[in-house]
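Here's a quick tour of a protein model, written for someone just getting started. Have a look at the structure first, then work through the points below.

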Amino acid sequence: MAQYKVIAGTFHVKGFSPDGDSIRFQAKDQSHWEFFTWKGDAAAKKDDKRTQLRVESIDARETHYEGYHQPRTFALAALESLLEMIGIKNVIYSLSQTKIVDADDGKSGFIVSASIDPFGRPVSYLFPKSANLTDGAIMDSNSLPIEDSLNFELAREGLVYPTFYIGTDRAFAEKIRAVVARARKTKRGIWSIDRTSDFTLYDIRTLQEDILLLPKVFRRLVKFFDNNSDFGMLSDYMKRQKDKLELWDGTKKESLADLMKISGRRIQLKTPPEDILFNPK
């Protein structure tokens, strides 16, 4: 059973480019970072005063991915909801809406993490300062109140997509899967307009302006358009992406292409996002 470190600190967005599943955090006690194993390129991030987090189990729409964005109104909704939950107010964006130039940030809270990813980002559950947690404590999945996390709240409100990795704690994933199922059934938030399971793709504008998709799919598709002009090459392109997926029931898949049906410009992905376990890269 994974062991999780509780770290108290402050959340920061001023001068940065956060989104609904990524934000900066400054630990109150920097020695808590010694809990993690920092290897390779990740080691260079260990001494960052304000550490970039990867918010676990969820994926928000892209506000700025390699020059592209998903429909902005909805992409910003998750970020602004996250900031509101943390207590960060008076947010001012750059003209391109890709950076926060001013905000009342530095709000207190907690992160709870068991590991860092290959990019040096603690894979974290976020908690408000009111959470019943103790700085520096070690907890496991039986004792950690995941229902009080902001990750859980964003998923429950239908503001983010569930996105699990092979190493995601199954006990927590089960709870998030349950609230996602309810949000989808009641068409809460993104589930009233999500098109991941069946959509028609005309060009890059379709992705940026017209339809909401699982961000993992969006990122794959914009990279395709960046490197290809022949839409007929999409199926082969997707097959070349060796994602090494695992489904919730244990079935192994080489890539998202194994879950997709491409018929002309119509694309179908009938496997629900919460049934896919991605391989962290």
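The residues lining the largest cavity split into five nonpolar, five polar and one charged. That cavity holds about 30 Å³ of space, and the count of cavities of 30 Å³ or more comes to one. Keep in mind that you're looking at a predicted model, so here's how confident the predictor was, followed by the pockets and the strands.

**The cavity lining**
- Who lines the largest cavity? Starting from the low numbers, you'll find Ser-17, Pro-18, Thr-63 and His-64 among the lining residues.
- Leu-76, Leu-79, Tyr-93 and Gln-97 also belong to the lining of the largest cavity, along with Thr-98, Lys-99 and Ile-100.

**Confidence**
- The protein chain has a mean pLDDT of 94, and 100% of its residues reach 70 or more.
- Where is confidence lowest in the protein chain, and where is it highest? The low end is helix H1 (residues 72-86), with a mean of 91, while the high end is strand S1 (residues 4-12), at 98.
- As a general habit, don't read predicted coordinates in detail where pLDDT is low.

**The largest pocket**
- About 1100 Å³ of space sits in the largest pocket.
- It takes 41 residues to line the largest pocket, and the ones closest to its centre are Arg-54, Glu-62, Phe-119, Arg-121 and Arg-219.
- Which elements supply at least two residues each to this lining? They are strand S3 (51-52), strand S4 (54-55), strand S5 (58-59) and helix H5 (215-227).
- H5 gives the most to the lining of the largest pocket, chipping in four residues.
- Sorted by class, the lining of the largest pocket has 18 charged, 13 nonpolar and ten polar residues.

**The second largest pocket**
- Here you get about 240 Å³ of space.
- The second largest pocket is lined by 17 residues, and closest to its centre are Glu-56, Ser-115, Val-123, Gly-167 and Thr-168.
- Strand S8 (107-116) and strand S9 (122-128) are the elements that give two or more residues to this lining.
- S8 gives the most to the lining of the second largest pocket, with four residues.
- The class breakdown for the second largest pocket is ten nonpolar, four charged and three polar residues.

**S1, S8 and S9**
- A bit of background: strands of a sheet pair through backbone hydrogen bonds, and they can do so in parallel or antiparallel fashion.
- S1 and S8 run antiparallel and are joined by seven bridges. To spot this pairing, find Ala-8, which stands opposite Phe-110 in S8.
- S8 also pairs with S9, again in the antiparallel sense and over seven bridges. Val-112 has Tyr-125 in S9 as its bridge partner.
- How many residues lie between the strands in the hairpin of S8 and S9? There are five, and Gly-120 in this hairpin takes a positive phi near 80°.
- While you're in S1, check out Thr-10, which has its place in that strand. The side chain of Thr-10 makes a polar contact with the side chain of His-12, at 2.7 Å.
- Setting aside neighbours within four places in sequence, Thr-10 is in contact with Arg-24, Phe-25, Gln-26, Gly-106, Lys-107 and Ser-108.

**S13, S16 and S17**
- Strand S13 (residues 198-200) and strand S17 (residues 266-269) pair in the antiparallel sense over three bridges, and Asp-198 stands opposite Gln-268 in S17.
- Strand S16 (residues 260-263) runs antiparallel to S17 too, with four bridges joining them. In this pair, Ile-262 stands opposite Ile-267 in S17.
- The hairpin of S16 and S17 has two residues between the strands, and Gly-264 there takes a positive phi near 65°.

**A four-stranded open sheet**
- Four strands make an open sheet in the order S12-S18-S14-S15, with mixed pairing.
- Why is one side of S12 and of S15 left without a neighbour in the sheet? Strand S12 (164-165) and strand S15 (252-253) stand at the edges, and each has a single partner strand, so one side of each has no neighbour in the sheet.
- S12 pairs in the parallel sense with strand S18 (residues 276-278) over two bridges. Look for Tyr-165, whose bridge partner in S18 is Phe-278.

Conventions:
Residues numbered from 1 in each chain as written. Heavy atoms only, no water. pLDDT = per-residue confidence, 0-100. 1 Å grid on protein atoms, 1.4 Å probe; cavity = no way out; pocket = protein on both sides within 12 Å on 5 of 7 lines; lining within 4 Å. Points joined across faces, edges and corners; volume = space filled by probe spheres on them. Nonpolar A, V, L, I, M, F, W, Y, C, P; charged D, E, K, R; others polar. Pairing = 2+ DSSP bridges. Polar contact = N/O pair within 3.5 Å; in protein donor to acceptor, adjacent residues only side chain to side chain. Contact = heavy atoms within 4.5 Å.
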